[in-house]
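Let's take a relaxed walk through one part of this model. Have a look at the structure first, and then we'll go through it piece by piece.

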Amino acid sequence: EEMARYTGVKNTCALSSGTAGLHLALRIAGVKSKDIVFCPSLTFAASANVILYENAIPVFFDVHPSSWTINPDILEQQITKYNPKAIISVDLYGQSCDYEQISFICKKHDIILIEDAAESLGSEYLDKKCGSFGHMAVLSFNGNKIITTSGGGMLLSNNEDYISKAHFLSTQARE
């Protein structure tokens, strides 16, 4: 609840790691075998590994040279070429992506945006907290992150159904 208030996102699910959050986000987004998922070329391995967990195809592309995050100028032409099911954006070293442009492009092409905000908790873009831009966002509390609990992560979304599904799946799908 505190993280929801802090980020301005309505729903959260505490998890064992940020990687678990990314994996659940892809599962909730409906990514299946052979689907294409975009991922920036500069990221921690987890952002790409979770794509492989779903037997999907990661497509990497260059980052913007000044921010080290997704380059929106390249993004749209790559969408036309590859038609991805989802995009994992990665905020690095407290620097957020250009979510104004990226969100517009994702909406235009009906693509799920998963924000990997593991390294940007506390940062803002256009007066909004990182972790509040994607259809889903992921935070990490690993030992090398902004706020650490020596491990753990969180999935955030304004879509209550996404988080309900995350709660269900993260507890071994028990009914």
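Why is strand β8 (residues 136-140) largely enclosed by the rest of the structure? Keep in mind that this is a predicted model. Five of the five residues of β8 are buried, so the strand is largely enclosed by what surrounds it. M136, V138 and S140 point one way, A137 and L139 point the other way, and all are buried. That fits a general pattern: in a regular strand the side chains alternate between the two faces of the sheet.

β8 also has strands to pair with, and here they are:

| Partner of β8 | Direction | Bridges | A bridge pair |
|---|---|---|---|
| β5 (112-116) | parallel | three | E115 with A137 |
| β9 (153-157) | antiparallel | four | L139 with M154 |

Now for helix α5 (residues 99-109), where the buried residues are Y99, I102, I105 and C106. Looking down the axis of α5, you'd find these buried residues within an arc of 130 degrees, so they line one face of the helix. As a rule, an α-helix has 3.6 residues a turn, so residues three or four places apart point the same way. Flip to the other side of α5 and you meet E100, F104, K107 and K108, which are exposed.

What covers the buried residues of α5? The cover includes α4 (72-82), along with the strands β4 (86-90), β5 (112-116) and β6 (124-125). So β5 turns up twice in this story: it helps cover α5, and it pairs with β8. Just after α5, D110 takes a positive phi of about 55 degrees.

Methods
Residues are numbered from 1 along each chain as its sequence is written. This is a predicted model: local features need pLDDT of at least 70, side-chain atom pairs count only at pLDDT 80 or more; totals for chains, interfaces and linings use all residues. Side-chain values use heavy atoms; hydrogens and water are left out. Buried means under 20% relative accessible area, exposed over 50%, partly exposed in between (1.4 Å probe, protein chains only). Helices (H or I, at least four residues) and strands (E, at least two) are DSSP runs, numbered from the N terminus. The arc is that of the directions from the helix axis to the C-beta atoms. Contact means heavy atoms within 4.5 Å. Two strands pair if DSSP finds at least two bridges between them.
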